[in-house]
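Visitor: I am new to this structure and should like to understand the terms used to describe it. Could the reasoning behind each term be set out?

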Amino acid sequence: MDNLVVLDHPVIKHKLTILRDVNTGTNEFRKLIREITVMLAYEATKDLTVEKTKVKTPLVETEGYKLSGKKLGIVPILRAGLGMVDGVLEVFPAARVGHIGMYRDEKTLKPVDYYCKLPKDTSERDMLVLDPMLATGGSACDAISKLKEIGCGSIRLLNIIAAPEGIEKVNKEHPDVKIYVSQLDEKLNEDGYILPGLGDAGDRLFGTK
Ligand code: PRP
Ligand code: URA
């Protein structure tokens, strides 16, 4: 699939295993989400443009590079996407941060909106949408639609774990959006949870269950 990049790295495999573990506590869980997000952020921005510049080392002047092109913005989908914000900001400290609040109705599994605040110049930025879990894909598709409604034309989606069902939905509704995941899991269960997954990402991040 052209629009899907799955990180294949031994360090990610190691960290994901600890992340999945039911005995991993909130503190460790948050740290691992942040660490894996740093790697996703590098991968998802591999094609950013650079321009040449000069730099003086202690010994000589040499050629260097600086990032050019569009500025970056990030949009975590609340709540669980918040856990990925610091990981991206470690790589891009000047990125603007918007927030989209939605939760899945437990019965219908459809996303319910409750908040949206985006940077004024969102349409001029390369936007990274953050959510640890891509399950049915409903939340991600709605968040992407919101960005498109205000004219944003460059959107990438970053997930820690995705189900094939979610990938398919995003690809179908938003074929222009590239998806970066650290792991593609097997399937959804009858309650819409990813298997093997890691459970409820929001609850594990914030210790609410
Ligand atoms: C989780 C997760 C995603 C969504 C994924 O959020 O963080 O936003 O479910 O499911 P989907 O692909 O089927 O839409 P949740 O609804 O549990 O809200 P929370 O982050 O506030 O706990
Ligand atoms: N949301 C989660 O937090 N986990 C899942 O497995 C699916 C949706």
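Guide: Let us begin with a term for packed helices: an axis is a line fitted to C-alpha atoms over the stretch in contact, and angles run from 0 to 180 degrees between N-to-C directions. The model shown here is predicted. In it, α2 and α3 pack at an angle of about 50°, and their axes are 7 Å apart.

Visitor: Why are α2 and α3 called oblique to each other?

Guide: Angles under 35 degrees count as roughly parallel, over 145 as roughly antiparallel, and 65 to 115 as roughly perpendicular, with the rest oblique. The angle of about 50° between α2 and α3 falls in none of the named ranges, and therefore the two helices are oblique. In addition, α2 passes α3 in a right-handed crossing.

Visitor: What makes α1 roughly antiparallel to α2?

Guide: Helix α1, residues 10-20, packs against helix α2, residues 26-44, at an angle of about 155°, with the axes 10 Å apart. That angle is over 145 degrees, so α1 is roughly antiparallel to α2. The crossing of α1 and α2 is left-handed.

Visitor: How do you know that α4 is roughly parallel to α5?

Guide: The angle between α4 and helix α5, which spans residues 164-173, is about 25°, and their axes lie 9 Å apart. An angle under 35 degrees counts as roughly parallel, so the term applies to α4 and α5. Here α4 passes α5 in a right-handed crossing.

Visitor: Let us turn to the strands. How do you know that β2 and β3 pair?

Guide: Two strands pair if at least two bridges are found between them. Strand β2 (residues 50-56) is joined to strand β3 (residues 61-67) by 7 bridges, so the condition is met; the two strands run antiparallel. One of the bridges links Val-55 to its partner Thr-62 in β3. The hairpin from β2 to β3 passes through 4 residues.

Visitor: What makes β6 and β7 a pair?

Guide: Between strand β6 (residues 99-104) and strand β7 (residues 111-117) there are 6 bridges, in the antiparallel sense. At least two are needed, so β6 and β7 pair. Arg-104 has Pro-111 in β7 as its bridge partner. In this hairpin, 6 residues lie between the strands.

Visitor: Why is Leu-109 singled out in the loop between β6 and β7?

Guide: Most residues other than glycine have a negative phi, and most peptide bonds are trans. Leu-109 has a phi near 65°, a positive value in a residue other than glycine.

Visitor: Which peptide bonds are cis?

Guide: The bond from Leu-78 to Arg-79 is cis, with omega near -5°, and Arg-79 lies in the loop between β4 and α3. The bond from Leu-195 to Pro-196 is also cis, with omega near -5°. Pro-196 is found in the loop between β13 and α6.

Visitor: What surrounds the largest pocket?

Guide: The space in the largest pocket is about 740 Å³. Its lining has 31 residues, and the closest to the centre are Tyr-103, Arg-104, Tyr-193, Asp-200 and Gly-202. At least two lining residues come from each of β4, β6, β9, α4 and α6. By class, the lining has 14 nonpolar, 8 polar and 9 charged residues.

Visitor: What makes 2 residues in the lining of the second largest pocket polar?

Guide: This pocket holds about 240 Å³ of space. Ser-68 and Gly-69 are among the residues that line the second largest pocket. Glycine is counted as polar, and serine belongs to neither the nonpolar nor the charged list, so both residues are classed as polar. The lining also has 7 nonpolar and 3 charged residues. Lys-70, Lys-71 and Arg-125 line this pocket too, and Lys and Arg count as charged.

Terms used
Residues numbered from 1 in each chain as written. Chains lettered and ligands numbered in written order. Predicted model: local features only at pLDDT ≥ 70, side-chain atom pairs only at ≥ 80, totals over all residues. Heavy atoms only, no water. 1 Å grid on protein atoms, 1.4 Å probe; cavity = no way out; pocket = protein on both sides within 12 Å on 5 of 7 lines; lining within 4 Å. Points joined across faces, edges and corners; volume = space filled by probe spheres on them. Left-handed = near helix turned anticlockwise from the far one by under 90°.
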